[in-house]
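Colleague: Could you walk me through one small part of this model in detail, and then show me how the rest of the chain looks around it? I am new to this, so please explain the terms as you go.

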Amino acid sequence: MAIVVNMPRLSDTMEEGTVATWLKKVGDKIEEGDILAEIETDKATMEFESFNEGTLLHIGVQEGETTKVDELLAIIGDEGEDISGLLNGGGNASAEVEEEEAIAEPTEGVEEKSDAVPTQELPEGVIVVTMPRLSDTMEEGTVATWLKKVGDTVEEGDILAEIETDKATMEFESFQSGTLLEIGLQEGESAKVDALLAIIGPAGTDVSGVAANFSNVAAPAKKEEAPKVETKQEAPKATPVVAQKTSAPAPTPVTANGRLFVSPLAKKIAEEKGINLTQVQGSGENGRIVKSDVENFVPAQSGGASVGKFVPAGQEDFEDVTNSQMRKAIAKALTNSKFTAPHYYLSVEFDMENAIAFRTQFNTIPDTKISYNDIVVKACALALKQHPQVNSQWFADKMRLNNHVHIGVAVAVPDGLVVPVVKFANEQSLPQIGAAVRDLAGKARNKKLTPAEMEGSTFTVSNLGMFGIDTFTSIINQPNSAILSVGNIVEKPVVKNGQIVVGNTMKLSLACDHRTVDGATGAQFLQTLKGYIENPVTMLV
């Protein structure tokens, strides 16, 4: 049966999209997960993947053309299938019919195998909302907060819930109008992409049978392992308790339906300063966070983590904290990198006297403030243009030398580590790089980074100098070929012109993938980097 694919809503503010490139043509076979096209939204150009299998029978929007969200984009079905009815105005209706049949047919298959609950057709006007795929690598999602409750009226465009993916916590809006009749996942629970999330339809409609049947369709294997599932479902109940203990010293933010009361100006300032608004106590009306609250905010001492829970002497004690989607994604990515890329490390120590003087003088310019990290990022970007092999990617049959420079900047967040990307860093000035890094770091700490802001890096910089770390090594952030670890600037005795004097040095370590970056290549890159960092004025020439 043919399936109508509509223009997706790829950002919370997207109203229409433009097809930048079709990666499939009419007649091509489509597998679930294949990239159909690159679509330009109001924020970025994003890859759009197929959730269906079949043959691409029709393309409704040509490259360069624009159409509204939910308008016909393509039709996928069986090879040679007649789709004239769909092309003559029956698109949306047919799509709904196909969606109903797609839900009904697998349920019938389950009946044959396991005598599951009999199939029940969707009542008129009822829509099943499934767990969306909010990033290209997302396999499952966790409901962080429901912004609607059962019985609430939902309008198209309303935010239903905040969903934690493997990269960020993102708002998920409704594409339908009606009443929220059923919630399939409670806050803190996780499920695979396309599992039952909610049911929307006319008020008073009985959808209990729909929810039960959809469970059988979505995860028939879980039915056989019911005791295990029930045990696992009880475990997350302890998670909020742990979270409450961890966050107890911080002020309790005032929320409505799980959302912060905060003025737009205060939110903007918080993002610029990298302040987590959940830690700010609001002084405005009804506890609203205003500008002065953010400007006067003093973060809690990081040493607070050292004050642990009181445990009587001789008594064993522990707390299990459920792994977040981000933590699981980090573990998977780094394990894959460490055991597939042959790492080796090159360590150097740079003289920072000129860099310190350069930064001090540069920051005397009104409304200008750059950090040592900004200097390192800019220097790396310029050095990478001269050493494209360090700015490369490894594939099974080729090596890609990137002529553009997108630098990922590792940012520590409570759930782990994210790597937002400064695009075309070699083309940006030092103040522009500084502003971009502060903006991205603020979004990272507030879990507001979009997938587009974390994709496409060609090289990564990880800086632990601000934590007093002198030297360390990092795991390569694939598909990059290298990552630079930046340590603290240390004042110590050094030898200059045969004399022992007080100097300032900084240690750096370059982790390289030996498949793409040979030792001599990595060393030459570091020599070029040394020239820029030890004489920063050359970056302005």
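Modeller: Let's begin at D158, which sits in the loop between β11 (153-154) and β12 (159-164). Strand names like these come from DSSP runs numbered from the N terminus, where a strand is a run of E with at least two residues and a helix a run of H or I with at least four. Before we go on, note that this is a predicted model, in which local features need pLDDT of at least 70, side-chain atom pairs count only at pLDDT 80 or more, and totals for chains, interfaces and linings use all residues. Residues are numbered from 1 along each chain as its sequence is written, and side-chain values use heavy atoms, with hydrogens and water left out.

Is D158 buried or exposed, or something in between? D158 is partly exposed, because its relative accessible area is 22%; buried means under 20%, exposed over 50%, and partly exposed in between, using a 1.4 Å probe and protein chains only. Setting aside residues up to four places away in sequence, D158 touches K148, T153, F172, E173 and S174, where a contact means heavy atoms within 4.5 Å. For one of these partners, S174, the C-alpha atom is 5.6 Å from that of D158, although the two are 16 residues apart along the chain.

Another loop residue to compare is H406, found between β21 (399-401) and β22 (407-409). H406 counts as buried, since its relative accessible area is 9%. A polar atom of the H406 side chain lies 3.0 Å from the backbone nitrogen of F424; a polar contact is a pair of N or O atoms within 3.5 Å, and within protein one must be able to donate a hydrogen and the other to accept it, while residues adjacent in sequence count only if both atoms are side-chain atoms. F424 is also on the list of residues that H406 contacts beyond four places in sequence: V421, V422, K423, F424, G456, S457, T458 and F459.

Strand β21, at one edge of that loop, includes M399. Together with W394 and L401, M399 forms a nonpolar surface patch with about 270 Å² of accessible area. Patches use residues with over 30% relative accessible area and no salt bridge, joining like charges within 9 Å and nonpolar side chains (Val, Leu, Ile, Met, Phe, Trp, Tyr) within 5 Å. M399 itself is partly exposed, because its relative accessibility is 33%.

Now for the charged pairs. The whole structure holds 18 salt bridges, each a side-chain nitrogen of Lys or Arg within 4 Å of a carboxyl oxygen of Asp or Glu. In one of them, E49 pairs with R133, with 3.0 Å between the closest N and O atoms. E49 is in strand β5 (residues 45-49) and R133 in the loop between β9 (127-130) and β10 (140-146), so this pair ties together parts 84 residues apart in sequence. E49 is buried at 11% relative accessible area, whereas R133 is partly exposed at 25%.

K492 and E349 also meet in a salt bridge, 2.6 Å from N to O. They link distant parts of the chain, 143 residues apart, with K492 in strand β27 (residues 482-496) and E349 in strand β19 (residues 343-351). K492 is partly exposed at 28%, and E349 is partly exposed at 34%.

A third example stays inside one helix: K443 and D439 form a salt bridge of 3.8 Å, N to O. They are four residues apart in helix α11 (residues 430-445), so about one helical turn separates them. K443 counts as buried at 19%, while D439 is partly exposed at 28%. Salt bridges with shared partners also join R9, E156 and E173 into one network, and E173 is among the residues that D158 touches.

Finally, the whole chain. It has 541 residues, 42% of them buried, with 12 helices and 28 strands. Its average pLDDT is 80, and 82% of residues score at least 70; pLDDT is the predictor's confidence in each residue, from 0 to 100. Over residues 90-119 the pLDDT is below 50, and this stretch has 38 contacts in the model beyond near neighbours in sequence. Residues 301-306 also stay under 50, with zero contacts beyond four places in sequence. Where pLDDT is low, the predicted coordinates should not be read in detail.

Technical notes. Accessible areas come from the Shrake-Rupley method with a 1.4 Å probe; for residues, only the protein chains shown count as cover.
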